[in-house]
Amino acid sequence: MSDRKKFTEDLIARMGRLADIGHWRWDVVNNELFWSETVYKIHVLDFDDYKPTVDAAIDAYLPEDRESIEACLTDAIENNQDFKFEKRIRRPDGEIRHV
């Protein structure tokens, strides 16, 4: 990883912690999902004990939201573009959160 990329990722992580904003990244080629510390907190999952997968992340959303999320992700991949959506997750404790 280049010094510039590492600096940028460290800066994004620090800003996210300060603002308490979660973010995630999906490496589509290797099918690896990266969650920020705040995303772990939102999902009430431990960073050291849980490795997120795309399927598990989608399953955390309410069933009626999943189809539109999958369509959004598919569209972003096929058109090589960013995306944004606001949907609902159900945390392990049963609480519903808007993310």
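# A guided tour of the predicted model

Read along the sequence, the protein follows the pattern α-β-β-α-α-α-β-β, and the secondary structure comes to four helices and four strands. Please keep in mind throughout that this is a predicted model. Before selecting anything, you may wish to colour the chain by accessibility, for of the 99 residues of the protein, 23% count as buried.

**First stop: the salt bridge between H4 and E3**

Select Asp-65 and Arg-88 and show their side chains, which meet in a salt bridge with an N to O distance of 3.0 Å. The pair links distant parts of the chain, since Asp-65 is in helix H4 and Arg-88 in strand E3, 23 residues apart. Are the two partners buried or exposed? Asp-65 has 8% relative accessibility and therefore counts as buried, while Arg-88, at 24% relative accessibility, counts as partly exposed. As general background, side chains of opposite charge can pair when their charged atoms come close.

**Second stop: a network of salt bridges**

Now move along the chain and select Arg-91, Asp-93, Glu-95 and Arg-97, which are linked in a network of salt bridges. Within this network, Arg-91 forms a salt bridge with Asp-93, and the closest N and O atoms of that pair are 3.1 Å apart. Arg-91 has a relative accessible area of 10% and is therefore buried. Another pair to display is Arg-97 with Glu-95, whose side chains meet in a salt bridge at 2.9 Å, again N to O. Arg-97 counts as partly exposed at 33% relative accessibility, and Glu-95 is likewise partly exposed, with a relative accessible area of 33%. Over the whole protein, the count comes to five salt bridges.

**Third stop: the negative patch**

Turn next to the surface and select Asp-55, Asp-59, Glu-67 and Glu-70, which together form a negative surface patch. Which helices supply this patch? Helix H3, residues 54-60, and helix H4, residues 63-78, each supply at least two residues of the negative patch. Glu-70 is a convenient residue on which to centre the view, and you will find Glu-70 in helix H4. With 40% relative accessibility, Glu-70 counts as partly exposed.

**Fourth stop: Ala-57 in H3**

While H3 is in view, select Ala-57, which is also found in helix H3. In contrast to the patch, this is a residue to look for beneath the surface, because Ala-57 has 13% relative accessibility and so counts as buried. Add Leu-33 to the selection and draw the C-alpha to C-alpha distance: Ala-57 and Leu-33 are 24 residues apart in sequence and 8.9 Å apart in space.

**Fifth stop: aromatic rings**

Display the aromatic side chains next, as a search of the whole structure finds six aromatic pairs. One pair to examine is Tyr-40 with Phe-47, in which the ring centres are 5.2 Å apart and the planes stand at 70 degrees, so the pair is edge-to-face. The two residues can also be viewed by accessibility: Tyr-40, at 7% relative accessibility, counts as buried, whereas Phe-47 is exposed, with a relative accessible area of 53%. Then select Trp-24, Tyr-61, Phe-83 and Phe-85, which form one aromatic cluster.

**Last stop: two residues with positive phi**

The tour ends with the backbone. Most residues other than glycine have a negative phi, and it is against this background that the next two selections can be read. Where is Val-44 found? Val-44 is found in the loop between helix H2, residues 37-43, and H3, and the phi of Val-44 is near 55 degrees, a positive value in a residue other than glycine. At 41% relative accessibility, Val-44 counts as partly exposed.

For the second case, select Asn-80, which is found in the loop between H4 and strand E3, the strand of residues 88-90. Asn-80 has a positive phi of about 50 degrees although it is not a glycine, and at 73% relative accessibility Asn-80 counts as exposed.

Conventions
Residues numbered from 1 in each chain as written. Predicted model: local features only at pLDDT ≥ 70, side-chain atom pairs only at ≥ 80, totals over all residues. Heavy atoms only, no water. Patch = residues over 30% accessible without salt bridge, like charges linked within 9 Å, V, L, I, M, F, W, Y side chains within 5 Å. Areas by Shrake-Rupley, 256 points an atom, 1.4 Å probe, with all protein chains shown as cover. Salt bridge = Lys/Arg side-chain N within 4 Å of Asp/Glu carboxyl O. Lys, Arg positive; Asp, Glu negative; His and termini not counted. Charge placed at Lys NZ, Arg CZ, Asp CG, Glu CD. Buried < 20%, exposed > 50% of the residue type's maximum accessible area, 1.4 Å probe, protein only. Phe/Tyr/Trp six-rings, centres within 6.5 Å; stacked < 30°, edge-to-face > 60°.
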